[in-house]
Amino acid sequence: MRNTFASEITKIAQKREDIFLLSGDIGNRMFDKFKEIAPQRFLNCGIAESNMMSMAAGMALSGMRPVVYTITPFTTTRCLEQIRVGVAYHQAPVVIIGTGSGLSYAELGSTHHSLEDLAILRAIPGLNVLAPVDSLELSAQLQEAFESKFPTYIRIGKKGEPILHTDTSKLGIGKANLIREGKDLLVLGVGPILNEAMKAAQFLETKGCSVAIASLGGIKPIDTAFLQAMSCRFSTWVSYEEHSLIGGVGSTLLEWIQTHNLMDKISLLRLGTPDEFIHHLGNQSFVLNSLNLDSHGLVNQLDKLINGS
Amino acid sequence: MDEASTFRQLGCKKLTEHHQNNFESLKKIANLLRRRILITSSEAKIPHLGSCLSCIDLLIYLYWYELKVDPNNPNGKERDRFVLSKGHGAPALFQALAERGFFSLDLLNEFGKAGSVFHEHPPKPGYIPGVEAATGSLGHGLPMALGMAIAHRSFNLPARSYALLSDGECNEGSIWEAAMLAAAQRVYTLTAIIDFNKWQATGRSKEIMALEPLADKWRAFGWHAQEINGHNFAEISSALINARKEIDRPSVIVAHTIKGKGVTFIEDDNNWHYRTPNGEELSAALAELEVD
């Protein structure tokens, strides 16, 4: 995904003179192509994210379309007030990229995990909060973000994530899409973790269970037309995210269901990380497995939901 | 007080030797705006009086002589950008902008009233002509002005960027992050001015953080640094002219000021960071600031 970001932003910067890439001392060699085509519009801002974010806001107020790139905790919570005041309050159209989101850097420890970013940024007015499931969704959202008059946060993974979308015609900001059809229940989520849901659904199919999966693409703005259509088709929803159960996809859907008076019609199971820091480390797969959030854990939980236990 | 409103028509002056040596007109404006700041603080109970009185001379020089801004076209693409990084100086900024003609002085009758955009800190651009950034949380304005300067450089625009900081604001790490990046990038179109009134909200600034030697700190961070009397228009003028001559590094002007300058019983008394004058105190203060 991060390689897609690097190639997409390079393409966009080739066409637009107002694109400026700010990096927080990360992405060694990744932006070589960008630096070749626009050396004056790349700036390594060092390990100083607060300054980088305020600078981006100032640049946007002067007509530039800056994009800020570093690892998710450092481009979100590290400089939260600069996002809230400089970027969001000023409605400065900055694009903020958080790379290695969720548990992508699981083995680096809690300092490098980002399991609260969606919750925190969702509470800030006027900020798009996106989390594409694959490179296709990322590309579509990125292009739209540079046309938007609002700032946009895009939470991406690291590398090697599979492509899950087959139809690219409806991808973008605030656009949800089914990435797998099904009949028994609907899994709704964001980000590359949905590949685990795809694997779980494939396995459950062999047991006669039919699971539909939707990529919401983000949690703000939310695709109300899509959710309304899904509420007519599925009465069992499962939210699924590589993020805390507090404030992310599950909370957003719960609020949406309540706002639309669908509490009686839809039952929602929320799956996400618990309200605690993670100390027992391993790679991303290990940690997801230990949290019962990988495809195996998901199979068990969905199986119970469909067949009871 | 209307007699001084004629100054509004002066516009941004081309600096002549005469002006450098004789800033009588600016002194009159300073007196007038100090009076208005005091009246507003008393009537609308707006705090940060001491901080406004310490920076008003700097603001007046900037808006009358230094900044390439046009009150009739406040959003012109090539305008200089001024960011009041010490956002609590907003009551002083609003008075300067009104007197300079960015908006009608009458609008300030709404200052501090419920529903008004004129309150303790500047709102985001679009609500008050001439305001370039919403500040109030310290440590944001200088980095934003730096971003503006880098954008202008990228667009080949001649605009310069200015940020007015407080000494207390230099507690914030983001100021020094911006300082290091601006020096590394040789952003010579950026000028920081520090209203060094030696106080922050609850104490002497040098006692709370090891702030001094302040100018040397900026020099060590790669900036061209000057120290001046921030109430002396000739010194302010020379320093800003010198800053423009720098073509390889950003420039900082450490302006030594007196918190509450202009009213003897407010000067250097930090109670006036939050206090607002009662009727009696207002009369006594205004008596010291009679307009000729």
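Start with two helices in this predicted model: select α3, residues 49–61 of chain A, and α5, residues 141–154 of chain B. Their axes come within 6 Å and cross at roughly 50 degrees. An angle under 35 degrees would count as roughly parallel and one from 65 to 115 as roughly perpendicular, so α3(A) is oblique to α5(B). Turn the view until one helix lies over the other: the crossing of α3(A) with α5(B) is right-handed.

Next, show the side chains where these helices meet. On α3(A), select N51(A), S54(A), M55(A), A57(A), G58(A), M59(A) and L61(A). On α5(B), their partners are P143(B), M144(B), L146(B), G147(B), M148(B), I150(B) and A151(B). Colour the residues by class: the contact of α3(A) with α5(B) has ten nonpolar and four polar residues, and no charged ones.

Now move to the cysteines. How many disulfides does the structure hold over all chains? The count is zero.

Select C45(A) and C79(A) in chain A. The cysteine sulfur closest to that of C45(A) belongs to C79(A), and it is 11 Å away, which is too far for a bond. Is C45(A) buried or exposed? C45(A) has a relative accessible area of 4%, so it is buried.

Finish in chain B with C55(B) and C52(B). C55(B) is in no disulfide. The nearest cysteine sulfur to that of C55(B) is in C52(B), at 5.8 Å, whereas a disulfide needs the two sulfur atoms within 2.5 Å. With a relative accessible area of 0%, C55(B) is buried.

Note on methods: Residues are numbered from 1 along each chain as its sequence is written. Chains are lettered from A and ligands numbered from 1 in the order in which they are written. This is a predicted model: local features need pLDDT of at least 70, side-chain atom pairs count only at pLDDT 80 or more; totals for chains, interfaces and linings use all residues. Side-chain values use heavy atoms; hydrogens and water are left out. Axes are lines fitted to C-alpha atoms, for helices over the stretch in contact, and angles run from 0 to 180 degrees between N-to-C directions. Helices (H or I, at least four residues) and strands (E, at least two) are DSSP runs, numbered from the N terminus. Angles under 35 degrees count as roughly parallel, over 145 as roughly antiparallel, 65 to 115 as roughly perpendicular and the rest as oblique. A crossing is left-handed if the near helix is turned anticlockwise from the far one by less than a right angle, and right-handed if clockwise. Contact means heavy atoms within 4.5 Å. Ala, Val, Leu, Ile, Met, Phe, Trp, Tyr, Cys and Pro count as nonpolar, Asp, Glu, Lys and Arg as charged, and the others, Gly among them, as polar. Buried means under 20% relative accessible area, exposed over 50%, partly exposed in between (1.4 Å probe, protein chains only).
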